[in-house]
Amino acid sequence: MARYDDRVTTPRPDLTMAQRKRQLVSDELTQSALQLLARKGFDTVTVDEIVNAAGVSKRTFFRYFASKEDVVVQFLADMGTGIHAELAARPAGERPSVALLHAVSVPLAACGDHSERALPVVQLILRTPALHARFLERQAQWRDDLAAELARRLGRDPVADLYPTLAAGTALTAFNTVLRRWSDSDGAQNPAELTDQAFTIVAPALDAV
């Protein structure tokens, strides 16, 4: 989903040394927790097991996360932030379908590039009712953020105009469909190819501005 290896090994250059250290600890905890949860199941893993796998104290864990569910929620928040940042970075004047395709392609392509690590986490989230509910809850915020960015790019009012919210929701529906199909195939299908297929279908509606 998000870029596992980039998040762990490449701290942001604009952070102070203390902030970089905090980010690295958070990333390492996230990776250890997600892999353990995916391997053993969300309900069976304890915080003690997570901190043992990460090599940190329980006090350190709770300095970063309120619960094991919070690890997944933060992971999803980071993914939404990444999609929004990708959309904001697209060239001005680019067709909405192309800009949105590139924005959601980044985490989906990362799934294919790191399938061995990403697939168990995706399946954990989609197959655990509590985590899937939080995933959909987070996507409501993603939709609003993407709609605001689309409105800014097009010079439209995100409140009075239906298009930005509908377009953002359509793109996220395509994202979810691809993610589900890839997960259900146990990684056999190519997420990049699925994404292209999905946006071929929705592009006419996205570009009807």
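Buried here means under 20% relative accessible area, a cut-off worth keeping in mind for the close-ups below, which come from a predicted model.

**View 1. F135 meets W142 edge-to-face.** Of aromatic pairs, the structure holds 4. In this one, the ring centres of F135 and W142 sit 5.9 Å apart, with 80° between the planes. F135 has a relative accessible area of 1%, so it's buried. W142 comes in at 6% relative accessibility, so it counts as buried too.

**View 2. W142 also pairs with F175.** Here's another edge-to-face arrangement: 6.0 Å from centre to centre and 70° between the planes of W142 and F175. This pair ties together distant parts of the chain, as the two residues are 33 apart. W142 belongs to helix α8 (residues 129-154), while F175 belongs to helix α9 (residues 163-184). F175 counts as buried because its relative accessibility is just 1%, and the cut-off is under 20%.

**View 3. Three Phe rings join up in a cluster.** Zoom in on F61, F62 and F65 for this one. Ring pairs are what link these residues into the cluster.

**View 4. K68 sits over the ring of F42.** This close-up swaps ring pairs for a Lys and a Phe. K68 lies over the face of F42, and the distance to the ring centre is 4.7 Å.

Key:
Residues are numbered from 1 along each chain as its sequence is written. This is a predicted model: local features need pLDDT of at least 70, side-chain atom pairs count only at pLDDT 80 or more; totals for chains, interfaces and linings use all residues. Side-chain values use heavy atoms; hydrogens and water are left out. Rings of Phe, Tyr and Trp (its six-membered ring) pair if their centres lie within 6.5 Å; planes under 30 degrees apart count as stacked, over 60 as edge-to-face and the rest as tilted. Buried means under 20% relative accessible area, exposed over 50%, partly exposed in between (1.4 Å probe, protein chains only). Helices (H or I, at least four residues) and strands (E, at least two) are DSSP runs, numbered from the N terminus. A charge sits over a ring if NZ of Lys or CZ of Arg is within 6 Å of the ring centre and within 35 degrees of the ring normal.
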